[in-house]
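Dear colleague,

I am handing over the structure below, and after it you will find an account of what came out of the analysis. Please read the two side by side.

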Amino acid sequence: MEKRNVIKQYNLPIEVKYCNKCTISNQRPRITFDENGVCSACNYAEYKRNKVDWTLREQELIELCNKHRKNDGSYDVIVPCSGGKDGSFVAHQLKYKYGMNPLAVTWAPLVATEIGRKNLDAFIHSGFDHILGTPNPQITRKLAQLAFKYLGDPFQPFIYGQANFPMKMAVQHNVSLIMYGENGEVEYGGDMKNAFRPTREIQDHDKHYFSGMPPEFWSEHGMRLADLKPFMAPTYLEIQSNNTEIHFLGYYKFWDPQENYYYCKEHTGFSPNTERSEGTYSKYASLDDQIDGFHYHLGFIKFGIGRTTSDTAHEIRDGKITREEGIALVKKYDGEFPRKYLQEFLEYVQISEDEFFEVIDSWRSQHLWEIENGVWKLKHTIYEGQGAYGI
Ligand SMILES: [Zn+2]
């Protein structure tokens, strides 16, 4: 299998550096570090905690709601929501605290988990109108296979729908406001140009979410336009003439994933998993899809950043754990292979186990990985000595 040029594809620095405050490294695409070796996400967390006047921001939210509010009974905000703690928090707050009339929309998981479906049902039952978008599963499966092989991320078809389906629903229902939870680029490190404003530019979608490969790209691999259409955004003209605005609640209200979890446990019937997710220690984030463990694992292979690194980095910024505790957790769990759903995954994307590992290894960049005694090992880790999975 052809070796991938991860450095070039994601514009990664060759020298690996870790943030002095959290556990993230400079290998996260688009993250920046300041002269003190602190990452942009930590600086944003500091700013969010100390500099933002949240009373004023809430006032801005109320004004935004008033601007979009409708009095004829039709929907006035689209809330993308999988039934997880974050989207459910957004929808519930908008409806029950700010008096909006949201339409909750979900893009179907590739392979749903039982707990994910249960949480989505509980959320809907807590009092929402809801639309589920399910594209042809055979096409989704084919796209997941292609995206795994060529992009190193089987989750890409889901990411298309997650970004584009709400826009489609907004246009279809004449709703000009779409409200997401947090802006991942700002909260977790990435392009900071949106840090000081509430909206997202639709033009950035291809760059931030689709790695420069929008759904149309797969027509080169034999996919028909009719197959790809459900994954595509409405036309730019449709988006504009609908006056579509995409906002993040994280701009208006202090964003704290753990608090969202407590909130949804109380208000939307959310339950955490009974066991921790593979590759990390947490039980309440990203539970909906059997495939997403592979999305996180590929992140670990490409960037040396596993799910525990991401989870600990934001928990350190949120003041839930110390950096030392975070490093210990990374040492213990980061890079754990998502074994639980491996068979389902191989069947789903219809490849053999050998082929699977060939694809995985094609994404291991030399600046991050070396082989020692026949075992792949990360060249740089944030912890001393041997880790359980970064070896
Ligand atoms: Zn940091």
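Before turning to the cysteines, a definition is needed: a disulfide is counted here as a pair of cysteine sulfur atoms within 2.5 Å. Please also keep in mind throughout that this is a predicted model.

By that criterion, the structure holds zero disulfides. For C65 the reason is distance, because its sulfur lies 17 Å from the closest cysteine sulfur, the one in C81, which is too far for a bond. C264 is likewise in no disulfide, and the nearest cysteine sulfur to it, again that of C81, is 7.9 Å away. As for their surroundings, C65 counts as buried because its relative accessibility is 1%, and C264 counts as buried because its value is 0%.

Other cysteines are engaged with a metal. The zinc ion has as its protein donors the SG atoms of C19, C22, C39 and C42, which lie 2.3 Å from the ion. Along the sequence these donor residues follow the spacing C-x2-C-x16-C-x2-C. The angles among the four donor atoms run from 103 to 114°, and the site of the zinc ion is tetrahedral; as a reference for your own checks, the ideal angle for four tetrahedral donors at a metal is 109.5 degrees. Of the donor residues, C19 and C22 are both buried.

The next item is the second largest pocket, which holds about 380 Å³ of space. It is lined by 21 residues, and those closest to its centre are T113, N273, S277, K340 and Y341. By residue class, the lining of this pocket divides into six nonpolar, seven polar and eight charged residues. Helices α5 (114-125) and α14 (292-303) each supply at least two residues of that lining, and the largest share, three residues, comes from α14.

Beyond α14, in the loop that leads to α15 (307-317), lies G304. Is G304 buried or exposed? G304 counts as buried, because its relative accessibility is 15%, and the cut-off for that class is under 20%. The C-alpha atoms of G304 and E358 are 18 Å apart, although 54 residues separate the two along the chain.

Two backbone angles may deserve your attention when you inspect the model. Most residues other than glycine have a negative phi. N11, however, has a positive phi, near 55°, and N243 also has a positive phi near 55°. N11 is placed in the loop between α1 (6-10) and α2 (40-50), whereas N243 is placed in the loop between α11 (236-241) and β5 (245-248). N11 counts as exposed because its relative accessibility is 70%, and N243 is exposed as well, with a relative accessible area of 55%.

A further asparagine, N66, is found in helix α3 (residues 54-68). N66 is classed as partly exposed, because its relative accessible area is 45%, and the exposed class begins over 50%. Measuring from C-alpha to C-alpha, N66 and C81 are 22 Å apart in space, with their positions 15 residues apart in sequence.

With best regards

Terms used:
Residues numbered from 1 in each chain as written. Predicted model: local features only at pLDDT ≥ 70, side-chain atom pairs only at ≥ 80, totals over all residues. Heavy atoms only, no water. Donors = N, O, S within 2.8 Å, 3.2 Å for Na, K, Ca; no water. Tetrahedral: all angles 85-135°; square planar, octahedral: opposite > 155°, others 65-115°. Buried < 20%, exposed > 50% of the residue type's maximum accessible area, 1.4 Å probe, protein only. 1 Å grid on protein atoms, 1.4 Å probe; cavity = no way out; pocket = protein on both sides within 12 Å on 5 of 7 lines; lining within 4 Å. Points joined across faces, edges and corners; volume = space filled by probe spheres on them. Helix = DSSP H or I, 4+ residues; strand = E, 2+ residues; numbered from the N terminus. Nonpolar A, V, L, I, M, F, W, Y, C, P; charged D, E, K, R; others polar.
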